Each structure stands twice: as C-alpha cells, then as structure tokens.
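Trainee: I am new to this structure and would like a close look at a single part of it, the second largest pocket. Could you take me through its lining, and then through the surroundings that help to place it?

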Amino acid sequence: MENKLKEKQNQMGYFLVFTLADKRFALPLDQVLRAIHAVDITKIPKAPEIVRGLVNFSGKILPVIDISKRFYLPEEDLKPEHYFILIKTKNKSFALFANSVEGLKQEMITNIIPPSNIVTGVEFLAGVMRLD
C-alpha cells in the first residue's frame, strides 16, 4: 500500500475527515462505504484492545475497530452521537469508531502518513492524515 502512496505523490485526493477525542484524522474516500451513527455492539471476549466488538450492518457482521489507544487517546463510552465509518478494502470490511464525522476534504496525497510510520498492526489502512 505504501507504494501506491508514492505513485500518487503529486495528486489530489478526497478524504473523509473524522475525529477521535479532540484530534482530526482522514481516510481516503475510495475506501469508505458510508458513515452511520453508532449502534449497540456485541462485545467479544479476549478480543484485541482495538476491537470494540461486532455490529450487524445490513445482515453483514463487521468488527468495530477503535484506534484511539494506538494514538494514545482516551477511549470513550459508546454514545448515539458517535459514528461508525464503514470501510471496505480489498481483503477486509470493518467499522471504524469515530467521535464525529466532519465531512469531505480535498488534499494532496503527500499529506498521507503510511501506517508503518505510526504503528504496526494497522495494515488495513492505506494511511492516516492528521489535519491541523
């Protein structure tokens, strides 16, 4: 995935901007299916700490991933005003927890940070972009 980012360095892209705690992040729009308000989840015993549980979306069971701890951000209790960003990559589909969804933003591809520069274990993301 990091090679794809290098190929697109001088290109503009659309990103879905969302928040975790008080920080803003963005995801490439081509990986986002939609953003929905959070619903009750089913917790999974002994799941990795970034997996909040499972959610049923239109008959498909998806893991709910919360990357807050990976960024040393406080974890919040699930509230109806929170969001799940439904994501589909080549190999996986999942719901990403977000405190809020701010909307779309057009940015240079070079603003994307490859996940390996941040933390291991998030291979399902093409990159993360922190917005000031």
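**The second largest pocket and its surroundings**

Mentor: The residues that line the second largest pocket are I41, K43, E49, V51, R52, E75, E76, D77 and L78. Please keep in mind throughout that this is a predicted model. The space in this pocket comes to about 160 Å³, and its lining, sorted by class, holds 3 nonpolar and 6 charged residues, with no polar ones.

With charged residues in the lining, it is worth turning to the salt bridges. Side chains of opposite charge can pair when their charged atoms come close. Across the whole structure, a search finds 6 salt bridges. One of them brings together the side chains of E49, a residue of the pocket lining, and K69, with 3.8 Å from N to O. This pair links distant parts of the chain, since E49 sits in the loop between β3 (32–37) and β4 (51–57), whereas K69 sits in the loop between β5 (60–65) and β6 (83–88), 20 residues apart. E49 counts as exposed because its relative accessibility is 55%, while K69, at 37%, counts as partly exposed.

Two further salt bridges can be followed away from the pocket. The side chains of E102 and R24 meet at 2.8 Å, N to O; E102 belongs to strand β8 (residues 100–108) and R24 to strand β2 (residues 23–28), so this pair ties together parts that are 78 residues apart in sequence. Both partners are partly exposed, E102 with a relative accessible area of 44% and R24 with one of 26%. The side chains of K105 and E107 also form a salt bridge, at 3.3 Å from N to O, and here K105 is partly exposed, with a relative accessible area of 31%, whereas E107 is buried, with a relative accessible area of 16%. Returning to the pocket, salt bridges with shared partners join E49, R52, D66, K69 and E75 into one network, and among these E49, R52 and E75 belong to the pocket lining.

The nonpolar interior gives a second view of the surroundings. The largest nonpolar core contains 27 residues, and those with the most contacts inside it are F18, F84, I85 and L96. The elements that each give two or more residues to this core are β1 (12–20), β2, β3, β4, β5, β6 and β7 (93–98). If neighbours within four places in sequence are left aside, L96 is in contact with F18, L27, I65, I67, Y83, F84, I85 and I87. There is also a second, separate core of 5 residues, which includes V17, A26, I109 and I112.

Finally, a view of the chain as a whole may help you to place these parts. The protein chain has 1 helix and 9 strands, and along the sequence they follow the pattern α-β-β-β-β-β-β-β-β-β. Of its 132 residues, 42% are buried. When contacts between residues at least 6 apart in sequence are considered, 61% of them join residues at least 24 apart. A pair of residues that can be found in the model is N111 and M12, which are 99 residues apart in sequence and 9.8 Å apart in space, C-alpha to C-alpha. N111 lies in the loop between β8 and β9 (129–130) and, at 34% relative accessibility, counts as partly exposed.

Note on methods
Residues are numbered from 1 along each chain as its sequence is written. This is a predicted model: local features need pLDDT of at least 70, side-chain atom pairs count only at pLDDT 80 or more; totals for chains, interfaces and linings use all residues. Side-chain values use heavy atoms; hydrogens and water are left out. A salt bridge is a side-chain nitrogen of Lys or Arg within 4 Å of a carboxyl oxygen of Asp or Glu. Helices (H or I, at least four residues) and strands (E, at least two) are DSSP runs, numbered from the N terminus. Buried means under 20% relative accessible area, exposed over 50%, partly exposed in between (1.4 Å probe, protein chains only). On a 1 Å grid over the protein atoms alone, a cavity is a set of points where a 1.4 Å probe fits but cannot get out, and a pocket is an open set with protein on both sides within 12 Å along at least five of seven lines; lining residues have an atom within 4 Å of a point. Grid points are joined across faces, edges and corners, and a volume is the space filled by probe spheres set on the points. Ala, Val, Leu, Ile, Met, Phe, Trp, Tyr, Cys and Pro count as nonpolar, Asp, Glu, Lys and Arg as charged, and the others, Gly among them, as polar. A nonpolar core is a set of buried Ala, Val, Leu, Ile, Met, Phe, Trp, Tyr and Cys residues joined through side-chain atoms within 4.5 Å. Contact means heavy atoms within 4.5 Å.
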